[in-house]
Amino acid sequence: MAGAVNCLTATTFLPGFVGREISLKERSLQQRGCLRVRTQAMRQQQNINQHKMPTAAQVSAADRHVRSRSNAQVSTVRQEESMSTPIFSEVGEGLTMADRIRAIEAEIARMKLEVAIQDESVIGVEQEVIDQQEKAMDLFRETQGAQKAAAAPARHPYAHLQVSERWEEIQGSENWSGLLDPMDPVLRGEMMRYGEFAQATYDAFDSDSHSRFCGSCKYNKKHLLEKIGLKNRGYEVTDYLYGTCGDNPMASFFQRFDADHKDDEKAWSRESNWMGFVAVATDPEEIARLGRRDIVVVWRGTVTKLEWLENLRDYLAPSELDRRNAGETPLNISDLKVEAGFLAVYKTKNEKSPYTKKSARQQVLEAVKRLVQKYGQEDNLSITVTGHSLGSALAKLSAYDMAESRINHRTKVHCTKHVIPEQWGEDHELSDEEDNGYSSDSDEEELGDIPITVYSYGGPRVGNDAFRDRVEQLGIRVLRVVNENDRVTKLPGVLINEKWQFLEKNLKPFWNWLETLPWTYSHIGVEFKLNNLSSPFLRRTKDPWNAHNLEAYLHLLNGFHGSNLPFSPALPRDLALVNKGTNLLTPNHYIPPTWWQEENKGLVLTEDGHYVVRSRDPEDFPEYDLDEDMENCEFQ
């Protein structure tokens, strides 16, 4: 034991109290006569200072006062000192005042009773007291840690960034003017936060061809964000989105499952793929931080073979999504065109699968409309659409479709009910004639359109310049994050694109002819350009696959401060995430390439020593709405 004394000497020294010498006899008297009086004095001081933590100097003064009252016969040489022992730093915030006082008393008594342990008359009692006090101290420390953990639950990495006062600016009301270079830290946080939502669709997608759930989401929508590591984001996932490529004539040449045969009924679906989700901010703290309630639509990028096949259908086709008001002066509907492959994924439905009896378009429009109807009366509401690669194209398409369909338009209905004569009574049934005279009136108040913002990551071109003009006319804000070495952002329209638009002023007839070609594309929105060669953490490579990776995009976003400023990570995001699906990190980090995979590829070891495929929790089985009413579906 620390502070052990020599049994052969008549005196000893108490550790922590330099210069104080106590005889064994005097010490025994002190223990028997002083401990109770000193405890009472300390409890009195607790009542006086009920809301104040006693300092080391105050405890030392109380100790000297007790000694002068109860040990007049004890001869003690004492030097003035401050009792700055470890106990005072260990007893911190989180304990009640009573617990702090008891902890201090326990430590003082323990230090003094260490010396008395050699006194045969008290050795048994004092050792027991010391053991109890040490156990009490351990309990106090555990309680303190638990209280601190409960008082400060883990929040997401962007919780400290306050958006509320500037949310419209951050969402692009001024086209992000002055926010991108140098990079605004709040905008960076929002761009990374929405990018992580997009990454979630990759992490949660079951792409294992040996799984009977291949093509579905691994998790139930209730636990989706938590399962993929996005805890405490303050959003509730309300709907899953499913898509199909069933109208592609080449579909029959591609098999999803390795054990594919017609009579296999175990597969969840052969025609459908999970494409993303719709969520809404529900946590009061997150809503207060954002300054509004946010509805977010998240689209997954290309994963399956058929989706890659659809990407190759890069000719323009009429969108056929227009639902303009008759009072407007619209563009010629045939002028507005989008890429045929993206449009097929967005609009195609397949009656063979219960998941795609409605197209992805119908699913997302209905899901967002329900949320707008539920929360549309609130003052501040936003719709944010995000995605990577193919998901970026679907994000732009669906954002345009929502605005064109006026789903983001909201009104407030004021009802005024006519007074029914009292003599009729409450049970009086109105005739048709009476009902016409005493029915309710309603007035509609225009609340304006809910702003729609698109955060695009590594996205291709989607439509022609007529599509771009209409998106701008509808007030949709689009921020395109691109990597200079990512070739996907240069497709389609490699030869004829928005860079040729200068011809519209100088050679308008020639430009008008170019616009009629099925390969004349235009990017939309504000471009924010990054370069993977600017990061000292990444290999010096222009490999297109690595340059297109979404985790690489998030890494570059985190380190960009300005075009003339050095690269430096701004937020504590793990570097290892870059190599989840790439080999971009430099070798000195010792992170293996493409390390992200399910443990043992989904196999688990049973008690009898056999490896079997892990059974999915029933609540994580793909679900769909059995009560779908196709005839009354508003969006066809």
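In what order do the seven strands of the open sheet stand, and is the pairing mixed or uniform? The order is β3-β4-β5-β8-β11-β12-β13, and the pairing is mixed. Helices (H or I, at least four residues) and strands (E, at least two) are DSSP runs, numbered from the N terminus, and two strands pair if DSSP finds at least two bridges between them.

Colleagues, a word on the source. This is a predicted model, in which local features need pLDDT of at least 70, side-chain atom pairs count only at pLDDT 80 or more, and totals for chains, interfaces and linings use all residues. Residues are numbered from 1 along each chain as its sequence is written, and side-chain values use heavy atoms, with hydrogens and water left out.

Let me return to the sheet. Because β3 (235-243) and β13 (526-530) stand at the edges with a single partner strand each, one side of each has no neighbour in the sheet. The twist from one strand to the next averages 15 degrees; axes are lines fitted to C-alpha atoms, for helices over the stretch in contact, and angles run from 0 to 180 degrees between N-to-C directions. Strands of a sheet pair through backbone hydrogen bonds, either parallel or antiparallel. Strand β12 (residues 477-483) pairs with β13 in the parallel sense, over five bridges, and L479 stands opposite V526 in β13.

Two helices lie across strands of this sheet, where contact means heavy atoms within 4.5 Å. Helix α7 lies across β3, β4, β5, β8, β11, β12 and β13, at about 45 degrees to β5. Helix α13 (residues 390-404) lies across β4, β5, β8, β11 and β12, and runs at about 150 degrees to β8.

I turn to the salt bridges, each a side-chain nitrogen of Lys or Arg within 4 Å of a carboxyl oxygen of Asp or Glu. The count comes to 22.

E286 meets R193 in one of them, at 4.0 Å from N to O. This pair links distant parts of the chain, with E286 in helix α9 (residues 284-290) and R193 in helix α7 (residues 185-203), 93 residues apart. E286 also bridges to R289, with the closest N and O atoms 2.9 Å apart; both lie in helix α9, three residues apart, about one turn. E286 is buried (under 20% relative accessible area; exposed is over 50%, partly exposed in between, with a 1.4 Å probe and protein chains only), at 0%.

E378 and R293 form a further salt bridge, the closest N and O atoms being 3.0 Å apart. E378 lies in the loop between α12 (360-375) and β8 (381-388) and R293 in strand β5 (residues 293-299), so the pair ties together parts 85 residues apart in sequence.
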